[in-house]
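Q: I am new to this structure and would like a close look at a single part of it. Please take one group of paired strands and the loops beside it, and describe them with care.

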Amino acid sequence: VNTIKPLTGALNLQYKSGLNAWTNGLTLLDNSGNVGIGITNPSTILQVYKANASGVGPILSLASDGGSGTTTAINFSPWLTRSGGASVAIVGQDDGNFSGNLLFQTAPTGAEANTLSTRMIINSSGKIGIGTTTPLATLDIRGVSGTIPAASVSAVSSFAALITDNS
């Protein structure tokens, strides 16, 4: 095992492109454990920074080898040892037609081992489904029980809470 350890302070891994000056690429703060990418003083456990001079483009990319149904995800696990894994996830899913769906998933109440269920989808056609993974309209809201309404609209306003326009 090789160890790289600064005598004091943060560990900065730098990179250089051509004749340009050295740039901080990764910073590990010894006193807080925070990690910074593109920033030397990260204020959270992981902070990623892209300067305006770096141009337009993504800050973070998640990818897999692809194929119909393949996914990449951001998992949220408020309870680290939960046997079912994450309790919430935002998932990118390949739809098999060279485009993708965005899924919002949560674990149902009841048991620690419950797996995630898709609660909302934005599909590759731009249709939004709540309570369904196959929306039939631009916004498709479906209830899951005969005793609970599929949607509720209310407002404390002198204007209409819901406006429909068929023009």
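A: What follows is a walk through strand β8, its partners and the loops that lead up to them.

The model is a predicted one, and its protein chain averages a pLDDT of 81, with 86% of the residues scoring at least 70. Among the elements of the chain, strand β8, residues 117-122, has the highest mean pLDDT, 96, whereas strand β2, residues 23-28, has the lowest, 68. Where pLDDT is low, the predicted coordinates should not be read in detail. As a setting for β8, the protein chain has 10 strands and zero helices, and of its 167 residues 14% count as buried.

On one side of the pairing scheme, β8 is joined to strand β7, residues 100-106, in the antiparallel sense, and five bridges link the two. Within this pair, Leu 102 stands opposite Ile 122 of β8. Strand β9, residues 128-130, is also a partner of β8, running antiparallel to it and joined to it by three bridges. Here Ile 122 appears again, since its bridge partner in β9 is Ile 128. Ile 122 can thus be followed from Leu 102 in the pairing with β7 to Ile 128 in the pairing with β9. The strands β8 and β9 form a hairpin with five residues between them, and in its turn Gly 126 has a positive phi of about 90°.

A positive phi is also found ahead of β7, at Phe 98, which is not a glycine and has a value of about 65°. Phe 98 belongs to the loop between β6, residues 88-94, and β7. The relative accessible area of Phe 98 is 87%, and because exposed means over 50%, this residue counts as exposed.

The loop between β7 and β8 holds Ala 113. With a relative accessibility of 49%, Ala 113 counts as partly exposed, because the exposed class begins only over 50%. If its neighbours within four places in sequence are left aside, Ala 113 is in contact with Ser 83 and Gly 84. Ser 87 lies 26 residues from Ala 113 in sequence, and their C-alpha atoms are 9.6 Å apart in space. For the protein chain as a whole, among contacts between residues at least 6 apart in sequence, 12% join residues at least 24 apart.

Key. Residues numbered from 1 in each chain as written. Predicted model: local features only at pLDDT ≥ 70, side-chain atom pairs only at ≥ 80, totals over all residues. Heavy atoms only, no water. pLDDT = per-residue confidence, 0-100. Helix = DSSP H or I, 4+ residues; strand = E, 2+ residues; numbered from the N terminus. Pairing = 2+ DSSP bridges. Buried < 20%, exposed > 50% of the residue type's maximum accessible area, 1.4 Å probe, protein only. Contact = heavy atoms within 4.5 Å.
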